[in-house]
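I opened this notebook page to record what I looked up, one topic at a time, beginning with charged pairs and moving on to helix packing and single residues.

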Amino acid sequence: MSRVVYVNGQYVPYGQAAVHVEDRGFQFADGVYEVIAILNGRLVDPEGHLVRLERSLDELRIRHPMTRAALTVVLTETVRRNRVKQGNIYLQITRGAARREFAFPVDIPPTVVAIARSVDMTRAAANAAKGVAAITRPDIRWGRCDIKSVGLLPAALAKQAAKEAGAYEAWLVDREGYVTEGSSSNAWIVTKDNVLVTRALSTAILGGITRSAVLELARREGLTIENRAFTVAEALAAKEAFVTSTTSYVMPVVSLDDRPIGNGGPGVVAARLRAVYEAHAQSHGAGKADWEAGFLAP
Ligand code: PDD
């Protein structure tokens with residue numbers, strides 16, 4: 001089946017899709033993105049992703065290329081044309097293409113690209129059943145990790161280190177020894193006293209859409225929640241650990257730097273939250289309100 005990619009107003013065959021060599025995304029990582037899950041051919045939590053996307057654009061003063069409604073049409077049409085039933089769609093918006101100069105060019109149209117792909121979720125389910133390994137790496141990213149910028153080199157380096165260590169994810173650790181988040185996920189622990197802990201929103205982490213949904217679901221489950229930073233030592237002493245993201249849902253972490261967490265297997269809280277999150281995703285995010293609260297206030 002032929003794949004098509006949305007590029008600046010057109011649906012183009014995958015092999016021919018291109019942006020300009022002087023695109024500022026390419027030269028300066030001057031752009032933002034979203035990854036949205038697709039289930040049963042429909043977007044999961046599209047509203048949350050689009051609210052966050054607009055916030056990222058505004059923080060970087062990149063012009064909105066189109067309305068939220070028009071962007072939703074582009075996303076759903078890209079999914080439809082590629083016949084994706086289960087997978088994700090990658091949406092990238094950059095400031096646009098112009099002669100290379102650090103300061104912003106005047107009045108250029110933003111570049112918009114959307115790529116939908118099918119993903120077989122059986123592997124993710126198998127990973128979730130046995131749990132995954134994580135390693136720790138120093139967090140060497142910039143000071144605005146709340147913006148979903150395409151400047152992902154530190155994250156790519158951390159993920160590569162995880163891969164080379166046979167691990168699934170790298171947990172990034174700040175200068176004070178606190179875990180910020182995963183290289184492409186939010187980090188959580190369940191303490192010995194059954195308190196669910198994840199780092200509070202700040203410029204040090206990305207306000208995950210999955211994090212936001214899981215927090216609300218955990219509240220409904222009656223769990224005690226603390227939004228605060230935790231250390232690597234605290235994670236190692238925890239009963240459970242897990243990560244959340246669009247592509248991983250809720251993924252139990254059973255070891256950190258080769259040391260077991262809890263009993264070394266997926267915990268009951270993570271398993272329960274994964275189940276309720278799956279139900280939430282099946283409903284495409286119905287019932288979740290107040291996405292603005294999931295990000296750092298402007
Ligand atoms: N990454 N933190 C970081 C640094 C991330 O890159 C991501 C997502 C998350 C989780 O956010 P969400 O729940 O909205 O997916 C947290 C995406 C999946 C990626 O870059 O592929």
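With which residue does R80 form a salt bridge, and how far apart are the closest N and O atoms? I looked this up in what is a predicted model, and found that the partner of R80 is E77, with the closest N and O atoms 2.8 Å apart.

**Entry 1: charged pairs**

I placed the pair in its element next: R80 and E77 both belong to helix α3, which covers residues 68–81, and they sit three residues apart, about one turn of the helix. I then checked accessibility for each partner, and R80 counts as exposed at 55% relative accessibility, whereas E77 counts as buried at 18%. The cut-off matters for E77, because buried means under 20% relative accessible area, and the value for E77 is 18%.

I went on to a pair in helix α8 (residues 268–282), where E278 and R274 are four residues apart, again about one turn of the helix. These two form a salt bridge in which the closest N and O atoms are 3.4 Å apart. I noted that E278 is partly exposed, with a relative accessible area of 33%, while R274 is buried at 11%.

My third pair was D30 and R24, whose side chains meet in a salt bridge with an N to O distance of 2.7 Å. Are D30 and R24 buried or exposed? D30 is buried, with a relative accessible area of 9%, and R24 is buried as well, with a relative accessible area of 3%.

I also wrote down a linked group, since R55, E59, R144 and D146 are joined in a network of salt bridges. For the whole model I recorded a count of 18 salt bridges. As a reminder to myself, side chains of opposite charge can pair when their charged atoms come close.

**Entry 2: helices α2 and α3**

I returned to α3 to see how it packs against helix α2, which spans residues 46–59, and I read an angle of about 125° with the axes 11 Å apart. That angle makes α2 oblique to α3, and I noted that the crossing of the two helices is right-handed. Which residues make the contact? On the α2 side I listed E47, L50, V51, L53 and E54, and on the α3 side R68, L71, T72 and L75. Sorted by character, the residues of this contact of α2 with α3 divide into five nonpolar, one polar and three charged.

**Entry 3: N88 and N127**

I looked up N88 and found it in strand β5, residues 87–94. N88 is buried, with a relative accessible area of 13%. Leaving out residues up to four places away in sequence, I found that N88 touches V35, I36, A37, I38, I115, A116, R117, V119 and T247.

For N127 I went to helix α4, which runs over residues 122–130. N127 counts as buried at 14% relative accessibility, and, with its neighbours within four places in sequence set aside, N127 is in contact with V132, Y168 and M251.

**Entry 4: S248**

I located S248 in the loop between β13 (240–245) and β14 (249–256). Is S248 buried or exposed? S248 is buried, with a relative accessible area of 6%. Its contacts, not counting residues up to four places away in sequence, are Y168 and R274; I had already met R274 as the salt-bridge partner of E278, and Y168 as a contact of N127. I also noted that the C-alpha atoms of S248 and A124 are 6.8 Å apart in space, although the two are 124 residues apart in sequence.

**Entry 5: F102**

My last residue was F102, which lies in the loop between β5 and β6 (111–118). F102 is exposed, with a relative accessible area of 62%. Which residues does F102 touch, not counting residues up to four places away in sequence? By that count F102 touches R24 and F28, and this took me back to R24, the residue that is buried at 3% and forms a salt bridge with D30. I closed the page with one further distance, that between the C-alpha atoms of F102 and Q27, which are separated by 9.5 Å and lie 75 residues apart along the chain.

Technical notes. Residues are numbered from 1 along each chain as its sequence is written. This is a predicted model: local features need pLDDT of at least 70, side-chain atom pairs count only at pLDDT 80 or more; totals for chains, interfaces and linings use all residues. Side-chain values use heavy atoms; hydrogens and water are left out. A salt bridge is a side-chain nitrogen of Lys or Arg within 4 Å of a carboxyl oxygen of Asp or Glu. Buried means under 20% relative accessible area, exposed over 50%, partly exposed in between (1.4 Å probe, protein chains only). Axes are lines fitted to C-alpha atoms, for helices over the stretch in contact, and angles run from 0 to 180 degrees between N-to-C directions. Angles under 35 degrees count as roughly parallel, over 145 as roughly antiparallel, 65 to 115 as roughly perpendicular and the rest as oblique. A crossing is left-handed if the near helix is turned anticlockwise from the far one by less than a right angle, and right-handed if clockwise. Contact means heavy atoms within 4.5 Å. Ala, Val, Leu, Ile, Met, Phe, Trp, Tyr, Cys and Pro count as nonpolar, Asp, Glu, Lys and Arg as charged, and the others, Gly among them, as polar.
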